[in-house]
Structure formats: C-alpha cells, structure tokens
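User: Please take a close look at the cysteines in this model, and then at one helix pair. I would like the reasoning spelled out.

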Amino acid sequence: MDKTKILFVCLGNICRSPSAEAVMNSLIKQRGIAERFEIDSAGITGYHAGEPADQRMHRHALNRNIHLTSISRQIKSPADFEYFDYIIGMDEQNMDDLYRLSPNEAATTKISKMTDYCSRHPHESVPDPYYGGAAGFELVLDLLEDACEGLLTHIEKDEAPNN
Ligand code: 4NP
C-alpha cells in the first residue's frame, strides 16, 4: 500500500511545522502505524533554510518527550503539491500563501488548516510563537497534539475502503 504523505507548513519552518512533524511522528509510532506514513514539514519562506528548529521550541517539546529533528526548508511548488497527499497550514496567512502557491485545482484540494482537526481547542489557528514567551510555545504543542489525533482520525475515514 502507498504511504500517506503529509506536509506541515508554517512561515519559517523552525517552530510550528517541525513540531507538528515531530508530534505526528511520535503519535504514529505510539500507535504502531509509522510505516504507513511519510511526514515532512516546510516553510513558506526560506529565511531559516538549513537551520534546526528554534531552541525554545526544542526545549518545550523535549519536556513532552517530543524530539525535533528536522532541518528547515522552503516549500517547493509544484513538486511538494504533487508529491504530498495532505498539505496543512498553521494559520490564515499560511493558508493564503498555500492557495497562492498551489499549481492547480487538484493540488488545492490537498490544502487544509491544522486547527480544523482540533476537537478540544476552539482556536482558529496555531499562533506564531516566535516573538512571544513560554506560554506561546506550550499552546503550540497543546494545539498540535489535539490536531494530530484529529487528523489521524480524518485520514482513517478518508482512506476507509467504502469511502
Ligand atoms: P514558525 O515561526 O513559522 O512557526 O517557524 C517563525 C519563525 C521565524 C520567523 C517567523 C515565524 N521569523 O520571522 O524569522
């Protein structure tokens, strides 16, 4: 069976989307289904390309036993839009940018927003924590843990044989 390929996207690919990648990798490993997925992340911008994740984000994630390992890269259009099955933005600005970068209608249908999958939090975006304090990094992780569970449920329904 083909792997389900998920690309998480934020502005810089050093805080939110690498954390989403790591939270999702941790969840699918815990559930014993890691081999069915390919998970990656990218930034709308390439400002931090080649850098590891932000040290503050690293520390907050590590407190939850989440290890951030990815190196920042910029999203590629059309290649990423063709390759991945789900392309998931963190906030409204990411969504506008993803729709703008999308090469065609088929690719556009792959785009969704992370908080659409939350069931325990009413937030409409995963806020950028870069210029804020500790609470912002904790909120990012709370939202991502909620959303990753919802996203997995959504994918299982999407991929059910009678769907
Ligand atoms: P991210 O956070 O989009 O969650 O990776 C940011 C990181 C860096 C910047 C903005 C947001 N920046 O302006 O450098």
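Analyst: This is a predicted model. Start with C10. Its relative accessibility is 2%, so C10 counts as buried. Which cysteine sulfur is closest to that of C10? The one in C15, at 7.1 Å. A disulfide needs two cysteine sulfur atoms within 2.5 Å. The C10 and C15 sulfurs are therefore too far apart for a bond.

C118 is next. C118 takes part in no disulfide either. The nearest cysteine sulfur belongs to C148 and lies 9.1 Å away. C118 has a relative accessible area of 15%, and so it is buried. The search of the whole structure gives the overall count: 0 disulfides.

C148 leads to the helix pair. C148 is one of the α6 residues that meet α1. Helix α1 spans residues 16-30, and helix α6 spans residues 134-158. Their axes come within 9 Å and cross at roughly 50°. Angles from 35 to 65 degrees fall outside the parallel and perpendicular classes, and α1 and α6 are therefore oblique to each other. The crossing of α1 past α6 is right-handed.

Which residues make the contact? On the α1 side they are R16, S19, A20, V23, M24, L27 and I28. On the α6 side they are V140, L141, L144, E145, C148, E149, L151 and L152. By class, the contact of α1 with α6 holds 11 nonpolar residues, 1 polar and 3 charged.

Definitions and conventions:
Residues numbered from 1 in each chain as written. Predicted model: local features only at pLDDT ≥ 70, side-chain atom pairs only at ≥ 80, totals over all residues. Heavy atoms only, no water. Axes fitted to C-alpha atoms, helices over the stretch in contact; angles between N-to-C directions. Helix = DSSP H or I, 4+ residues; strand = E, 2+ residues; numbered from the N terminus. Parallel < 35°, antiparallel > 145°, perpendicular 65-115°, else oblique. Left-handed = near helix turned anticlockwise from the far one by under 90°. Contact = heavy atoms within 4.5 Å. Nonpolar A, V, L, I, M, F, W, Y, C, P; charged D, E, K, R; others polar. Buried < 20%, exposed > 50% of the residue type's maximum accessible area, 1.4 Å probe, protein only.
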